[in-house]
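User: Hi! Could you walk me through the ligand site and the open and closed spaces of this structure?

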Amino acid sequence: MKNAAIMGYGTIGSGVAEILEENKDAIARAAGEEIRLKYVLDLREFPGSPVEDKLIHDFKVIEQDRDVELVVETMGGLNPAYPFVKACLLAGKHVVTSNKALVAAHGSELLAIAKEKQVNFFFEASVGGGIPIIRTLYECLMGEEIQEITGILNGTTNFILTKMDKEAWAFDKALKEAQRLGYAERNPEADVEGHDTCRKIAILTSMTVGKEVNYEEIYTEGITRITDTDFQYAEKLGMSIKLTGTSRIRTDGMVSAYVLPLMISRDHPLYSVNDVFNGILVKGNMLGTSMYYGSGAGKLPTASAVVADMIHGAKNAGRNVKLGWSAEKQAVAPMGVNAFRYFIRMAGQPEECLAKLMVFGPREVVSIGKLNEFAIISKEMPEADFKEAVSGLEGIRSVIRVEL
Ligand code: HSE
């Protein structure tokens, strides 16, 4: 039997406790032995809850209990998650986390400690909720040179954009519903400003290159500037708008990595990834493109990934599974070198602006019948050239990068 502890009895932590109980037999079969929940660490009391008798408030109880071999961190944030996780690894316990902020900020160090102590630091649930994308990268695709990853990696923003697109919901209404359903971060700014996606694409990029990617170097743009009018143009064009994170291996030794709203056509594999679902496209040099799809947020899907990692830990007692990245730094290319086509929506009449728009090359002019407003889709241009071309242009109402 393996004893486990959960640190943080919030949405995900309580989901883990629920699955450990509900799927007890299947988990024991998979792990080869029972996984018993011994402690739940939280500052709060949960009278009447199924874990009432396991609740503790002092982290040292877990750290010092040699019988606890598996520790789950579902507190979120960096403090005290980081010192607690580090202490558990140093104490020779496997740690499983769903905390992307922790993995993106301290992954290299925690992976190194796990290796030194011959335990494991697993973080499947930190990216893509219940989608097994981390294990796919280090096990299933281990013979591939990964060339590119593009994903819808945030359930909350995908839910919001889907509601705005398909049901004409206002942004605030959709965000409130995502919060009610337990998808959103404690501070939803992390979702809507793209920071959550940024950390997730940083983790996937680090997995791919085997080096540390500083998430602060990843260009990040959220969805707060996307309006219902943009969606009306997208519909006219047979397109949709999704928040995506991309990383691409370059030939100059750098990686291109960015997070931004992308206008994609109906033919794009990510077009049908709606609501809270995430979709991740992985391009390998031999396999070509593959796509991974599933619930990207929410209590049980995310907790399911945590439980799978716990089983993986139980099955690898005394052995560090090779995964992750080293502390060596991976250079991220400046945003200016990345090329896109652009949807540019502006005030005025196209005929009056034609001369000024020449710089955007062969283009499509789009109108949705709105008075004194139109949009174009530019030719593909490096971001730096585009920024220069639009700098003198007046009347721009919105700019969204396009993948046709
Ligand atoms: N807030 C995150 C999301 C939770 O909406 O995707 C899962 O990481």
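User: How far is an oxygen atom of the ligand from an N or O atom in the side chain of K100?

Analyst: Happy to help, and please keep in mind that this is a predicted model. K100 is among the residues that surround the ligand, along with N154, G155 and T156. Its side chain offers an N or O atom to a ligand oxygen, and the distance between the two is 2.7 Å.

User: Which residue has a polar backbone atom 2.7 Å from an oxygen atom of the ligand?

Analyst: N154 makes its approach through the side chain, with a polar atom 3.5 Å from a ligand oxygen. The backbone contact, at 2.7 Å, comes from G155.

User: How much of the accessible area that the ligand has on its own does the protein cover?

Analyst: On its own, the ligand has 250 Å² of accessible area. Residues around the ligand include Y183, E185, D191, K200 and A297. The share of that area covered by the protein is 93%.

User: Let's turn to the pockets. Which element gives the largest share of the lining of the largest pocket?

Analyst: This pocket has a volume of about 1200 Å³. Of its 48 lining residues, T74, M75, G76, G77 and R186 are the closest to the centre. Helix 1 (11-22), helix 5, helix 7 (155-167), helix 9 (189-192) and helix 10 (195-209) each give two or more residues. The largest share, four residues, comes from helix 10.

User: How do the residues of that lining divide into nonpolar, polar and charged?

Analyst: Domain 1 (2-129 + 299-315) and domain 2 (144-293) each contribute at least three residues to the lining of the largest pocket. By class, the lining holds 15 nonpolar, 23 polar and 10 charged residues.

User: Why does the second largest pocket lie between domain 1 and domain 2?

Analyst: The second largest pocket holds about 580 Å³ of space. Among its 24 lining residues, M207, G210, K322, L323 and G324 lie nearest the centre. The pocket lies between the domains because its lining takes residues from both domain 1 (2-129 + 299-315) and domain 2 (144-293).

User: Which helix gives the most to the lining of the second largest pocket?

Analyst: Helix 5, helix 6 (133-140) and helix 10 each supply at least two residues there. With four residues, the one that gives the most is helix 5.

User: And how much space lies in the largest cavity?

Analyst: The count comes to one cavity of 30 Å³ or more. Its lining includes V103, S206, E212 and W325, and helix 5 (residues 100-117) gives the largest share, five residues. The space inside is about 40 Å³.

Technical notes
Residues numbered from 1 in each chain as written. Predicted model: local features only at pLDDT ≥ 70, side-chain atom pairs only at ≥ 80, totals over all residues. Heavy atoms only, no water. 1 Å grid on protein atoms, 1.4 Å probe; cavity = no way out; pocket = protein on both sides within 12 Å on 5 of 7 lines; lining within 4 Å. Points joined across faces, edges and corners; volume = space filled by probe spheres on them. Near = heavy atom within 4 Å. Polar contact = N/O pair within 3.5 Å; in protein donor to acceptor, adjacent residues only side chain to side chain. Areas by Shrake-Rupley, 256 points an atom, 1.4 Å probe, with all protein chains shown as cover. Nonpolar A, V, L, I, M, F, W, Y, C, P; charged D, E, K, R; others polar. Domains from an automatic or database assignment.
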